[in-house]
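Here are a few exercises to help you find your way around a new structure. Have a go at each one before you read its solution.

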Amino acid sequence: MDNHSPALFLGDALALDFLNSVATPVDVPIDWIEDGEGLLRWLQQARLVSPETLDAIRAQALPGELDKVADQARSLREWFRIFVREHKGKQLKPDALTELEPLNRLLERDEGYSRVVARQTGEGEIFEFQPMRKWRSPEALLLPVGEALGRFVCTEDFSNVKACEGPSCTLLFADHTRGHRRRWCSMALCGNRAKQAAHRHRVKQA
């Protein structure tokens, strides 16, 4: 697995998937947004930006411009990681609002608008009120990410945000299981490893 492999979407919340865009799924750390092209790939896989918009931004960007936006995305990611790790496992208190000022400053840049569009359904075309965004520069790529972070803060119970218990795993997830007993980012990555390690330990003791 490398940064050209599909990114991991195991967090059960898009904001946490953004944090998990750098991870150590096997032995070597992988950063899926280590450069501008990586950021475009991740945004497309996350379905935050349409392929057509990404192609247009790629064509219009100046040399090195997308890499600079990826730098900003990584800075945003690590700032939000600190916030999440500080507050995970407990109710988010109102006084945390002051810590979110960098996110609000990002969201203030948005040039969103809405329009009426026609959408095809099984019963014919219907009108739909669709939110849109003006993509005036590559930096606008950060806006849908900021929107996902903002929605997460406002809708997620931080008591359910956990870190995977895998010894070397850095992934975070929102535990939406019944009883909130989820321990691993996924059984395939860390759960089975833990079971195998426990089995080897029991065999050794026996």
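**Exercise 1.** Is Asn-160 buried or exposed?

*Solution.* First, a word on the ground rules: this is a predicted model, where local features need pLDDT of at least 70, side-chain atom pairs count only at pLDDT 80 or more, and totals for chains, interfaces and linings use all residues. Residues are numbered from 1 along each chain as its sequence is written, and side-chain values use heavy atoms, leaving out hydrogens and water.

Now look up the cut-offs: buried means under 20% relative accessible area, exposed over 50%, and partly exposed in between (1.4 Å probe, protein chains only). Asn-160 has a relative accessible area of 12%, so it's buried. It sits in the loop between helix H6 (142–155) and strand S5 (161–163); helices (H or I, at least four residues) and strands (E, at least two) are DSSP runs, numbered from the N terminus. Beyond residues up to four places away in sequence, Asn-160 touches Phe-173, Ala-174, Asp-175 and His-180, where contact means heavy atoms within 4.5 Å.

**Exercise 2.** Check whether the length of helix H4 (residues 65–87) fits its residue count.

*Solution.* Start with the rule: the expected span is 1.5 Å times one less than the number of residues. For the 23 residues of H4 that gives 33 Å, and the end C-alpha atoms are 34 Å apart, which agrees. Just after H4 comes Gly-89, with a positive phi near 80 degrees.

**Exercise 3.** Which element gives the most to the largest nonpolar core?

*Solution.* Such a core is a set of buried Ala, Val, Leu, Ile, Met, Phe, Trp, Tyr and Cys residues joined through side-chain atoms within 4.5 Å. The largest one has 53 residues, and Phe-80 and Val-84 are among those with the most contacts inside it. H4 gives the most to this core, with 8 residues. Zoom in on Val-84: leaving aside neighbours within four places in sequence, its contacts include Leu-16, Phe-152 and Leu-172.

**Exercise 4.** Find out which residues Leu-54 contacts, leaving aside neighbours within four places in sequence.

*Solution.* Locate Leu-54 in helix H3. At 1% relative accessible area, Leu-54 is buried. Its contacts are Leu-40, Leu-43, Gln-44, Val-49 and Leu-141. Take Gln-44: it's 10 residues from Leu-54 along the chain, and their C-alpha atoms are separated by 7.8 Å.

**Exercise 5.** Is Phe-127 buried or exposed?

*Solution.* Find Phe-127 in strand S4 (residues 124–133). Its relative accessibility is 72%, so Phe-127 counts as exposed.
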